Each structure stands twice: as C-alpha cells, then as structure tokens.
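Reader: I should be grateful for a close look at a single part of this structure, with enough of its surroundings to place that part in the whole chain. Please set out the reasoning wherever a conclusion depends on it.

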Amino acid sequence: MSGNHYKGHEVSCCIKYFIFGFNILFWLLGMALVGIGLWAWSEKGVLSNISSITDLGGLDPVWLFMVVGGVMFILGFAGCIGALRENTFLLKFFSVFLGIIFFLELTTGILAFVFKDWIKDQLNLFINNNIRAYRDDIDLQNLIDFTQEYWECCGAFGADDWNLNIYFNCTDGNPSREKCGVPFSCCTKDPAEDVINTQCGYDVRAKPDSEQKDYINVKGCVPQFEKWLQDNLTLVAGIFIGVALLQIFGICLAQNLVSDIEAVRASWVPPPLSIRRLPPHSSKKASAYYS
C-alpha cells in the first residue's frame, strides 16, 4: 500500500506457497471423495429418498467417503485460502482443527490399547450388525466380501455368525436357497479357478465341522484382524507416526505463517500526518494546523 512503512518483517513466501500447494491437493481430493459419495448415493436412489439412509441395518460405506472427503475439503479450503490471502483466522482454524484431529487420533489409540477387550466386543457387534444387513446394500456387501477374502475369514468369530442373516440362517422356515450357507467370499480359493464360483458356499454349514474347513475359511475376521495387526505392527505404527508427524508439521507451518503475518501487521507504521492527502475543502484547516 502507498505510504505504508514496515520495520524489516516479511511473510515467508516459501512457507506461504508450500501450505497453499500442499492443501490444494487435499482440497481437490476432498472434493473428489465427496463427489464419489454423492454419485454412489444417486446410483442407489438415496438422494431422491433421504430417509432410506436410516433403513440400513449396517454401515453404508459411502459414509466413509463423505466424512473423510468433507473433512479434507474443509481443511484444504481453510489452508489454501488462509495461506494465499494471508488470512490469520482461516490459518488458525486450520491449525486448531488439525490439532483436534491429532488429539482425537492420539486419544483413540490410547483408549484402544487400554480397552482392547471392549474394542474387540464392539468390533464383533459391528461385524454382526453388518452381517444382518449383508443383502440390503451393494456397497456394504462388497465391503464384507473384500474383508473376508483379504483376511481369509468368515463371520466375526466363525462361519456360524451367518445365522444372523435371514438368507443364510439354518432355521427350518428359511425358504432361501442360501440356507445353511455362507457368501462366496468365505470359500477357500482354488488357484486353478479363473472364474469365481458364487455358489461355492451353498449348504456348507450343513456339513460336519470337520468337513467345513475343506470348503471355507473357518476362522473369524476378528481374530484374523488381530493376527494381521501383530504381523504388520511395524507397518501400522509407521503409518500412524508418519500421519502424526505430517499433522504436527502442518500445524507448525500454519502457526509460523500466522506469526509472520501478525509481525508484519504489528510493524506497520502509518505515514506522517504532514504527507497525508487531505480533501481540497480542508486545505485551510490543514494550513492552520501545520502552522
């Protein structure tokens, strides 16, 4: 601005544009995730009937895209605009929001370690609720199938957990062809098969327990998940530490930029009154004042 004077303080362009460039990627990625979520909901007709969201007995995986995408969009927007426009309010919002997320992650990790038995029970309840709603939502169905195939498991603690589903239970009144069966994702894989046999789990649980293991994975997903965590503890810990360091780094950069902006504003010195422009009608008053 014309006539403004500063006492040596400057805003670091490196920090400013690094925060801007870093956050614009998250902003665009957040928009993409929200867009994918809205597209998935439109394909399932949720957008034309919002009340159908509450009809699901289990988790709708689209919520994951919407929540993560929404958070990334908000943080990316605050970081981008705050850095580009040197807006201290948005930068403080960005750093505080990021700090809250970091604190919640840290608290969750500590509580998960302290109350691991309770977490195991909640995971069991979560999986069983989703088993009940297996046929109600195609995205949920794909998520369960992926989980069971990846960890080579079936049900929460065993294949009999599929009795909770109305299509797979073994009750006498069940007219379903899938009665006493399991989804194809529970089946053991034959390397020679190129095409997935979606009927491989039919009537499997009607067989003796000793024979079931020849056809399906009899281990539950909860113990398999625990085993996977133990086998990949270094990788999981490295990911969490990397994410935490990235968040701390972002908070420090944002606070540093805020400090630079506030230092520049504090060092601003208005021009002397003698060189300020005065309107023509006040020239006589100005002459009298300076005299």
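Author: A residue is called buried here when its relative accessible area is under 20%, exposed when over 50%, and partly exposed in between. By that criterion, 32% of the 291 residues of the chain count as buried. The model is a predicted one. Its chain contains 9 helices and 0 strands, and the pattern along the sequence reads α-α-α-α-α-α-α-α-α. Among contacts between residues at least 6 apart in sequence, 71% join residues at least 24 apart.

The part chosen for the close look is helix 5, which comprises residues 138–150. At 1.5 Å a residue, its 13 residues should span 18 Å, and the end C-alpha atoms are indeed 18 Å apart, so the expected and computed spans agree. At the start of helix 5, D137 brings a side-chain oxygen to within 3.0 Å of the backbone nitrogen of D139.

Which residues of helix 5 are buried? They are L140, Q141, I144, D145 and Q148. Because these residues cover an arc of only 135° around the axis, they lie on the same side of helix 5. The buried residues of helix 5 pack against two partners, helix 4 (116–132) and helix 7 (221–231).

Helix 7 can be examined in the same manner. Its buried residues are C221, V222 and Q224. They cover an arc of only 160° around the axis, which means that they too are on the same side of their helix, helix 7. The packing is described from this side as well: the buried residues of helix 7 pack against helix 4 and helix 5.

The nonpolar cores give a further view of these three helices. The largest nonpolar core has 20 residues, and those with the most contacts inside it are I127, C154, W162, V182, C186 and I216. Helix 4, helix 5 and helix 7 each supply at least two residues of this core. There is also a second, separate core of 10 residues, which includes I15, L91, L257 and V264.

Beyond the end of helix 5, the chain enters the loop between helix 5 and helix 6 (209–212), where E152 lies. Most residues other than glycine have a negative phi. E152, although not a glycine, has a positive phi of about 50°. Another such case is E86, with a positive phi of about 55° although it is not a glycine. E86 belongs to the loop between helix 2 (62–84) and helix 3 (88–114). With a relative accessible area of 24%, E86 is partly exposed.

The loop after helix 5 also holds E178. Is E178 buried or exposed? Its relative accessible area is 13%, so E178 is buried. Leaving aside residues up to four places away in sequence, E178 touches R135, Y167, F168 and Y202.

Finally, the database record places other parts of the chain in a separate category. An unreviewed UniProt entry lists residues 17–42, 62–84, 96–115 and 235–258 as "transmembrane region". In the model, residues 17–42 are 100% helix and 0% strand, with end C-alpha atoms 37 Å apart. Residues 235–258 are likewise 100% helix and 0% strand, and their end C-alpha atoms lie 35 Å apart.

Definitions and conventions
Residues numbered from 1 in each chain as written. Predicted model: local features only at pLDDT ≥ 70, side-chain atom pairs only at ≥ 80, totals over all residues. Heavy atoms only, no water. Helix = DSSP H or I, 4+ residues; strand = E, 2+ residues; numbered from the N terminus. Expected span 1.5 Å × (residues − 1). Buried < 20%, exposed > 50% of the residue type's maximum accessible area, 1.4 Å probe, protein only. Arc of directions from axis to C-beta. Contact = heavy atoms within 4.5 Å. Polar contact = N/O pair within 3.5 Å; in protein donor to acceptor, adjacent residues only side chain to side chain. UniProt positions renumbered as here; feature names shortened; annotations may be inferred. Core = buried A, V, L, I, M, F, W, Y, C linked by side-chain atoms within 4.5 Å.
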